[in-house]
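Open the model in your viewer and keep the selection box handy. We will walk through it one stop at a time, with something to select at each.

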Amino acid sequence: AQIRYSIPEELTRGAFVGNIAKDLGTDVAKLAAANLQVLSDSDSQYFSVNVNTGVIMVSERIDREQLCGQNPRCFLHLKLAIENPVEFYRIEVEILDINDNPPEFPSDEVSLRIYELASLGARFPIQPAQDPDVGTNTLQTYHLSANDNFNLNVKARTDGGKFPELVLERALDREFRAFHYLVLTAEDGGSPPQSSKIRITIQVLDANDNHPVFDRPSYGARLVENSPLGTLVVKLNATDVDEGPNGDIRYSLSSHNSAALRQIFAIDEQTGEIRVQGNLDFEEATVYEIEVEAKDMGSPTMEEHCSVVVEITDVNDNAPEVILTSFSSTLSEDALPGTVVAVIHVRDRDSGEQGKVLCHVSPDLPFQLRKDYEHQYSLLTSTRLDREHVAYYNVTVSASDLGNPPLSRHTILPITLIDVNDNAPQFEQASYEVLVAENNPVGSVLVTVSAADPDSEQNSRLSYSILRAGGTDPGLDPARYLSIHPTNGQVTAKFPFDYEQTTYLQFHVEVSDGGSPALRNRTLVHVFVVDQNDNAPRVHFPRAGEDSATQFRISPSIVPPALITKVVAIDADSGRNAWLSYHLVEATDLGLFSVTLRSGEVRIARALQETDASAHELLVVVRDAGEPPLSTAVTLVVLVEEKGPEALQGSEARAADGGGLPTITLYLIVSLVLISTVSLVGLAALGIRCL
């Protein structure tokens, strides 16, 4: 027979299970006498029998979940053995579940990583809680804490298991909430029910669903032109609420920027700092608008754009420019004051006061500037010009701006004056005095007259000619004796001069330039012919033929120093060349006669003696003082005879002739003095003129 009992688990030791004696209908005393034993099928002895009372009691703690696990029904089988006679009774004890175990999650906390772009309705399983109890005491339901994005779905399996799932009901936004903290509660059906909780941490994984955002839609900066390289323009700041590579931002200049702008500015892709890397020139651009883009490193990349407006502040870094609109580098020297030489345009690429330009020229020059309007000046002549005084001008036009400090530029305008024939030729001397030795060679240069004309080129090309001077002897035509080279002014003789015919000649030399009309000037040339010793003395008395001698008779009783005769000679030359001296060169007796050196008187030197010859031949030489000296000889024959009528008559005649000789000598001396005086005065005047 089989007896079944039902007891709840977890009864205390000694708890009543059943009365075997009563249930078998046997007397308790009989059971005790029958040596009653309880045998268990398990290793543990969960029950014991009190033979005195027949009551089966719990002897050890009974844990249904340990014995039977999740089986809905749990039984412990006992065998009851009785001797005399031997009988076996089978006892089945059903262990009833009590709600002694709450649902248990595998861990107190679970983490989920969900992509923020996960589709709505996506399910995310949660490891279920385990409740070893069975029946109504086991896990019955789950509860999810309130939230905006997830609902709870519990899947029931055919074996009765319940699995919770999180269902995405509303789109996630990591940038709005990166973490969600939920509490899932598992509850059984016991009374009272038991439960357990698990904390669910949901990390929303970033998706590149946000583009970078600049903290300002546009940036502004102001820089001074010519800022040094590396100058910070502006530091951009863009943020991306995404994370990781999706929020890692790189800055760059947009492709919309020109190549020239890219050479001027550079951006640091990490920091967003825009710096100067080229030359900033206000005159090229006053404002730069830089297009900048910020890109994240997500996939696909998202980007944002902004503009940076950089205003350039002008500094006075440009000197004024001088532009010649019209300019003539040559100017006629007779140009009237106020003649326009050049039209000048000035400009300064700077702005404001720094771009205003003032021009001026040196006040020491015969030029001035006239301001026509804001940026144009005219260069005018201010006074009369004279090429012969200054032929070339370097006119420096100075242009200065009003910056601080001011900048200036100097432009040199070379101006050459064109000559006009406004100057007549001028001789170096108002008159020329020339000493020419007679017998000069034909073609010899007597004098070179020189004139100068301060004009230039054709106007200064001079031509010389000889003109008759006023008051000149009509018979003395200078052109007959002289010629002049038309370009160098050399006056040459056509014939040799003869002092004995011409001692003085004057004429005009005219010089004319090559201008149109030609200008002329004259100078007076005085030519003094200087005597040369080219004439030998000529004996006028005594006259004799070429091969004959003149005879003179003297008395033997002549008393010394009686005059025998006088040799009279004339020299056509003048000056020293006409100074004559008389010399007794040969005689029969040199001691008997004497000749006076200057007068030419022949006298008896001593008394005649009987031994002296009756005829004496004298050779008298007349010599001038020229260099070399020239001379003439005359032969005298003196006859010694008794004084008679013829001799006496001849002596008287000779004496009479001798009485006229002193007058001729005086004439020669006076002539010599006058000529010498004129020559000295002429030489003195020439010396004074030269000084």
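The tour starts with the whole chain and then moves to smaller selections.

**The whole chain**

Begin with everything shown as a cartoon, bearing in mind that this is a predicted model. The chain contains 6 helices and 49 strands. Its radius of gyration is 81 Å, well over the 26 Å that the globule rule gives for 691 residues, so the chain is more spread out than a compact globule. Turn the view to follow the principal axes: the C-alpha trace spans about 260 × 65 × 35 Å along them. If you colour by accessibility, buried residues account for 40% of the 691 in the chain.

**The annotated domains**

Next, colour by annotation. An unreviewed UniProt entry carries "domain: Cadherin" over residues 6–105, 106–214, 215–322, 323–427, 428–539 and 546–664. Two of these spans make good selections. Take residues 106–214: this span is 0% helix and 49% strand, with its end C-alpha atoms 47 Å apart. Then take residues 323–427, where the chain is 0% helix and 53% strand and the end C-alpha atoms lie 47 Å apart.

**Cysteines**

Show the cysteine side chains. How many disulfides does the count come to? The count is 1, and it joins Cys68 to Cys74 with an S to S distance of 1.8 Å. The torsion about this S-S bond is about 65°, so the disulfide is right-handed. Cys68 is buried at 15% relative accessibility, and Cys74 is buried at 0%.

Two other cysteines are worth a click. Cys306 is buried, with a relative accessible area of 3%, whereas Cys690 is exposed at 62%.

**Aromatic rings**

Now select the aromatic side chains; the structure holds 10 aromatic pairs. Start with Phe179 and Tyr181, whose rings are stacked, 6.3 Å centre to centre with 15° between the planes. Phe179 is partly exposed at 37% relative accessibility, while Tyr181 is exposed at 60%.

Move on to Phe265 and Tyr288. Their ring centres are 5.4 Å apart and their planes meet at 75°, so this pair is edge-to-face. Phe265 belongs to strand 20 (residues 265–267) and Tyr288 to strand 22 (residues 287–296), so the pair ties together parts that are 23 residues apart in sequence. Are these two residues buried or exposed? Both Phe265 and Tyr288 are buried.

For a group of rings, select Phe214, Tyr219 and Tyr251, which ring pairs link into a cluster. Then jump to Arg480, which lies over the face of Tyr481, 4.9 Å from the ring centre.

**Strand 48 and its partners**

Select residues 615–624, which make up strand 48. Of its 10 residues, 7 are buried, so the strand is largely enclosed by the rest of the structure. Add strand 45 (residues 580–587): it runs antiparallel to strand 48, and 7 bridges join the two. To see one of these contacts, pick His583, whose bridge partner in strand 48 is Val621.

Then add strand 49 (residues 631–640), which pairs with strand 48 in the antiparallel sense over 9 bridges. Here, His616 stands opposite Val638. Follow the backbone from strand 48 to strand 49 and you will trace a hairpin that joins them through 6 residues.

**Backbone details**

Finish with the backbone torsions. Most residues other than glycine have a negative phi, and most peptide bonds are trans. The next selections are exceptions worth a look.

- Ser191 and Pro192 are joined by a cis peptide bond, with omega about 0°. Look for Pro192 in the loop between strand 13 (179–188) and strand 14 (195–205).
- Ser516 and Pro517 are also joined by a cis peptide bond, with omega about 0°. Pro517 is in the loop between strand 39 (504–512) and strand 40 (520–530).
- Asn439 has a positive phi, near 65°. This residue sits in the loop between strand 33 (431–437) and strand 34 (445–448), and is partly exposed at 42% relative accessibility.
- Glu457 has a positive phi of about 50°. Find Glu457 in the loop between strand 35 (451–452) and strand 36 (463–468), where it is exposed at 65% relative accessibility.

How values were computed
Residues numbered from 1 in each chain as written. Predicted model: local features only at pLDDT ≥ 70, side-chain atom pairs only at ≥ 80, totals over all residues. Heavy atoms only, no water. Buried < 20%, exposed > 50% of the residue type's maximum accessible area, 1.4 Å probe, protein only. Helix = DSSP H or I, 4+ residues; strand = E, 2+ residues; numbered from the N terminus. Pairing = 2+ DSSP bridges. Phe/Tyr/Trp six-rings, centres within 6.5 Å; stacked < 30°, edge-to-face > 60°. Lys NZ or Arg CZ within 6 Å of the ring centre and 35° of its normal. UniProt positions renumbered as here; feature names shortened; annotations may be inferred. Disulfide = S-S within 2.5 Å. Rg over C-alpha atoms; globule rule 2.2 N^0.38 Å.
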